[in-house]
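Here's a small set of exercises to work through with the viewer open. Try each one yourself before you read the solution.

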Amino acid sequence: MVVEIFDGTNAEEIIEIYKKTHPNIRLTFVSLSGIVLNDSSDFDDFESHLDRPELKNLGSVNIRYSESLDTHMMYLATKSQDNYIRIAIPVSTLNEVVNSFLLSAFITLLFVLFISSILINIVNKNALTPLNRELNKIAYLSGHVGSYSDNIDQISHQVSEIKLLIDRKIDAINDEKQKINFLINNLNIGIIVINNQGDIILANDFVLSINDYKKQDILNKNYNYLIRNVNFKDKINDTIKKGLNFNFDYEYQNKIYLVTIKTIDSKWTNELSNKYGAFITMTNMTEERNLEKVKREFFANASHELKSPLTTIIGYQQMIQEDIITSKEEILDASKRTSKEANRMHQIILEMLELARLESKEDIKVEELEMHDIVLEVLDQLEHEINAKKVKVITNLNKLKLFMNQNHARYLVKNLIENAIKYNKDSGEINISLVSNKFIVEDTGIGISEEDQPRVFERFYRVDKARSKEQGGTGLGLAIVKHIANLYKATIQLESKVDKGTKITILFKK
Ligand code: ADP
């Protein structure tokens, strides 16, 4: 400021102004030769000032003891208008300035701290309280009852406590998951879950065993990898795209599965779209379906078998009633025929009942019996038929004790010997043997062709229907024999040649 207003002549005026306004400041005007021209202090100093450090180093601050003022001063000098201008201030004055600065800084600090604590409180309320509320919620969901304070010091403790609770929950969930996986994989039902993109997200062990697949071969892959059947694939496609449900039988590798396809909520797959996921179950129904088929066929055959004798009976009755046959001989003949048909019906019904009893496996009284005696008993019963056909019976009967139901043993022996008579040639031969655990009936009859051999054990199957009917056969005999053999875990062997004869061996379990 002094340099600004000093014009080379007004040194005295400037000093007067400074004396009034800044009495602490000493202002000195020095000639270039070092003579003090004007000085705000009243102290007379005629020495040359050129050696003073502040004049030697113009512009830099210099602190030193001033003898003339008897105090430490801070000096600064500059050159202006062919003069040196020097300004000096006692160091003590400077300390006062610094002290007053420190005081105001301290007050400002206190003020800042005060404002900060208010702000922290607001942050606490606005941020920590909701955070704490959330922590309480998580703790509650994790099974911890009790509340958490919103003290910031406790937050980390709370978080680690909640982490522990969550860890425990995750362990429990993993435990549950393992149990569910075990159940799913040990079910006797196939389970497949497909997401709405058509990818397989679950397939249990049952499904994998059907196709002999490994989990990694199909998981997260399109369902086309697993299901090759066009009809099955179309249905899955309809479920995913149109949300349709299905229920159908699916034949694969000689097995029949009941398949159900149901839509599943898209939430499962975390995708919002207008497509659906598919939940598929596969139940092996092979046995049930085969049984149903056998039953259906059995009823159809049974109705047919019963219908034909009944039609004959009704026919003769009508002829008698409508006087179509009138002579005593004709009526006698009609009566013989109707009674033969009625007997056949009776026989069919008896054998059907026998089959039903065998299938229900109820009340089977098993006792130790001697097969040797049973064979002789049956041969005795069949004496009339043997004589009528003039067949020669050769026996080789050893003793064979078996645990069997009397009726079953008798039926089995009787049916095989009866067939050997029925389907024999006149004056043919029958060989009956009981050797070790085998019962063998061999005849020299008409024989059974190779293609018919596996079928003669089916219900109502007869190679020559007319011949069987003529002989009073029902077509159920061998089916019953097979059932009886199965019941006692015996095996049946059939050897036969057309026009040569038939040999049937029942191999009993030892
Ligand atoms: P059926 O009451 O007709 O004799 P079966 O079940 O006992 O019924 O026998 C089924 C069919 O098997 C018979 O109709 C016959 O064609 C054939 N069959 C059974 N045993 C013999 C045999 N010993 N020789 C030739 N064919 C036989």
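How many bridges join S4 to S5, and in which sense do the two strands run? Eight bridges join S4 to S5, and the strands run antiparallel. Keep in mind as you go that this is a predicted model.

**Exercise 1. Work out the strand order of the sheet that holds S4 and S5, and find its edges.**

Step 1. Start with the pair above and look at what links the strands: S4 and S5 form a hairpin with two residues between them.

Step 2. Go to the other neighbour of each strand. Six bridges join S1 to S5, again antiparallel, and Val30 sits opposite Tyr84 in S5. S4 (residues 71-80) pairs with S3 over five antiparallel bridges, where Ile63 has Met74 of S4 as its bridge partner.

Step 3. Put the pieces together: the five strands make an open sheet in the order S2-S1-S5-S4-S3, with antiparallel pairing. The edges are S2 (36-39) and S3 (62-66); each has a single partner strand, so one side of each is left without a neighbour in the sheet. On average, neighbouring strands are turned by 30° against each other, direction ignored.

Step 4. Check S5 (residues 83-90) for burial. Six of its eight residues are buried, so S5 is largely enclosed by the rest of the structure.

**Exercise 2. Explain which side of helix H2 faces the protein.**

Step 1. Find what H2 (residues 11-21) touches. H2 packs on the sheet against S1 (26-31) and S2, and its direction makes about 165° with that of S1.

Step 2. List the buried residues of H2: Ala11, Ile14, Ile15 and Tyr18. They cover an arc of only 100° around the axis, which puts them on the same side of H2.

Step 3. Recall the helix geometry behind this. An α-helix has 3.6 residues a turn, so residues three or four places apart point the same way.

Step 4. Check both sides. The buried residues of H2 pack against H1 (2-5), S1 and S2, while Glu12, Glu13 and Lys20 are exposed on the other side.

**Exercise 3. Compare the surroundings of two non-glycine residues with positive phi, Asp82 and Phe460.**

Step 1. Take Asp82. Its phi is about 60° although it's not a glycine, and it's found in the loop between S4 and S5. Gln81, in the turn of that hairpin, also has a positive phi, of about 50°.

Step 2. Take Phe460. Here phi is about 65°, again without a glycine, and the residue belongs to the loop between S15 (438-443) and H14 (465-470).

Step 3. Now look at accessibility. Asp82 has a relative accessible area of 63%, over the 50% cut-off, so it counts as exposed. Phe460 has 6%, under the 20% cut-off, so it counts as buried.

**Exercise 4. Describe the sheet that contains S6 to S10 and the helices lying across it.**

Step 1. Read off the order: S7-S6-S10-S9-S8, an open sheet of five strands with antiparallel pairing.

Step 2. Find the edges. S7 (200-203) and S8 (246-252) each have a single partner strand, so one side of each is left without a neighbour in the sheet. S7 is joined to S6 (residues 189-194) by three antiparallel bridges, with Val193 partnered by Leu202 in S7.

Step 3. Get the twist: neighbouring strands are turned by 20° against each other on average, direction ignored.

Step 4. Add the helices. H8 (residues 230-242) lies across S6, S8, S9 (255-264) and S10 (277-284), at about 15° to S9. H9 (residues 286-321) lies across S8, S9 and S10, running at about 120° to S9.

**Exercise 5. Locate the largest nonpolar core and say where its residues come from.**

Step 1. Pick out the hubs. The core has 49 residues, and those touching the most other members are Met371, Val375, Val413, Ile417, Phe439, Ile506 and Phe508.

Step 2. Trace the contributors. Helix H13 (residues 406-422) supplies the largest share, eight residues, and at least three residues come from each of domain 3 (290-360) and domain 4 (367-507).

Step 3. Zoom in on one hub. Leaving out residues up to four places away in sequence, Val375 touches Leu397, Val413, Ile417, Ile432, Leu434 and Phe439.

Step 4. Look for another core. A second, separate one has 24 residues, including Ile194, Phe248, Tyr257 and Ala278.

Terms used:
Residues are numbered from 1 along each chain as its sequence is written. This is a predicted model: local features need pLDDT of at least 70, side-chain atom pairs count only at pLDDT 80 or more; totals for chains, interfaces and linings use all residues. Side-chain values use heavy atoms; hydrogens and water are left out. Two strands pair if DSSP finds at least two bridges between them. Helices (H or I, at least four residues) and strands (E, at least two) are DSSP runs, numbered from the N terminus. Axes are lines fitted to C-alpha atoms, for helices over the stretch in contact, and angles run from 0 to 180 degrees between N-to-C directions. Contact means heavy atoms within 4.5 Å. Buried means under 20% relative accessible area, exposed over 50%, partly exposed in between (1.4 Å probe, protein chains only). The arc is that of the directions from the helix axis to the C-beta atoms. A nonpolar core is a set of buried Ala, Val, Leu, Ile, Met, Phe, Trp, Tyr and Cys residues joined through side-chain atoms within 4.5 Å. Domain bounds come from an automatic or database domain assignment.
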